[in-house]
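Reader: I am new to this structure and would like to learn how to read its charged side chains. Where should we begin?

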Amino acid sequence: KILVVDDEPSVHEILTEFFTSKGYEVISASGGLEGLSKTEKHRPDVILLDVRMPDLDGITVLRRIREVNPWVGILMMSGNTDTEAAKETLQLGAFDYILKPFEDIELISTVANRAVEKIRLMEENSVLMEQIGQKNEELKKANAVLKERSIHDALTEVYNPRFFHEFLKLETARSIRFGRTFSLLLIDVDHLADYNDLSGTT
């Protein structure tokens, strides 16, 4: 789907006829404000956007579209070989800068196709990165669960001997480092064997 934003009827006629023959759905807008409205309404894949228009210039339109839509491919068109304008539009996220009148209209089709392909790759990459992020979060949660399980008894949910020995080493090292004592309490639980036989696992 292509949106042509230009205040020259002849440009619309040429581009509409050409891209329709290529199988595109072509939407027209005769000015910048209408172009913004139709971008929001129709969600085109590619926008052919004139730089100079009476109501709202193409650079302003480009900037506003990029604020809300990073994916659509935007090709700027101009009858002026202004290198600074071309540089600015490319910095703002335009895919290419095309001079009017068109010397080779087939070239525009090639550039439009490349823009569509680039946008699709960017979208796929964004989805992939999001999936990787979700997987990383899942791995973090799984590692946290495994860590908890590795230091807790599955039956009583109290710390297990592994944690006890690691913690004892840590407290012993702290005691030596800071020159202070610490206490260790040994507590017996009556009938623990009966509890384990009743609720434990084999």
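Author: Begin with one residue in this predicted model. Arg174 has a relative accessible area of 36%, so Arg174 counts as partly exposed.

Reader: Which side chain does Arg174 meet in a salt bridge?

Author: Side chains of opposite charge can pair when their charged atoms come close. Here the partner is Glu171, with 2.9 Å from N to O. Both residues belong to helix α6 (residues 161–178) and sit 3 residues apart, about one turn of the helix.

Reader: Is Glu171 buried or partly exposed?

Author: Buried means under 20% relative accessible area. Glu171 is at 17%, so Glu171 is buried.

Reader: Which residues are joined into one network by salt bridges that share partners?

Author: Asp6, Glu8, Asp50 and Lys100 are. Within it, Lys100 pairs with Glu8 at 3.2 Å, N to O. That pair links distant parts of the chain, 92 residues apart: Lys100 is in the loop between β5 (96–99) and α5 (105–151), and Glu8 is in the loop between β1 (2–5) and α1 (9–21). Lys100 also meets Asp50 in a salt bridge, again given as 3.2 Å, N to O. Asp50 lies in strand β3, so this pair ties together parts that are 50 residues apart in sequence. Lys100 and Asp50 are both buried.

Reader: How many salt bridges does the count come to?

Author: The count comes to 7.

Reader: Which residues gather in a patch of negative charge on the surface?

Author: Asp45, Glu117, Glu123 and Glu124 form that patch. Asp45 lies in the loop between α2 (32–42) and β3 (46–50). Its relative accessibility is 39%, so Asp45 counts as partly exposed.

Terms used:
Residues numbered from 1 in each chain as written. Predicted model: local features only at pLDDT ≥ 70, side-chain atom pairs only at ≥ 80, totals over all residues. Heavy atoms only, no water. Patch = residues over 30% accessible without salt bridge, like charges linked within 9 Å, V, L, I, M, F, W, Y side chains within 5 Å. Areas by Shrake-Rupley, 256 points an atom, 1.4 Å probe, with all protein chains shown as cover. Salt bridge = Lys/Arg side-chain N within 4 Å of Asp/Glu carboxyl O. Lys, Arg positive; Asp, Glu negative; His and termini not counted. Charge placed at Lys NZ, Arg CZ, Asp CG, Glu CD. Helix = DSSP H or I, 4+ residues; strand = E, 2+ residues; numbered from the N terminus. Buried < 20%, exposed > 50% of the residue type's maximum accessible area, 1.4 Å probe, protein only.
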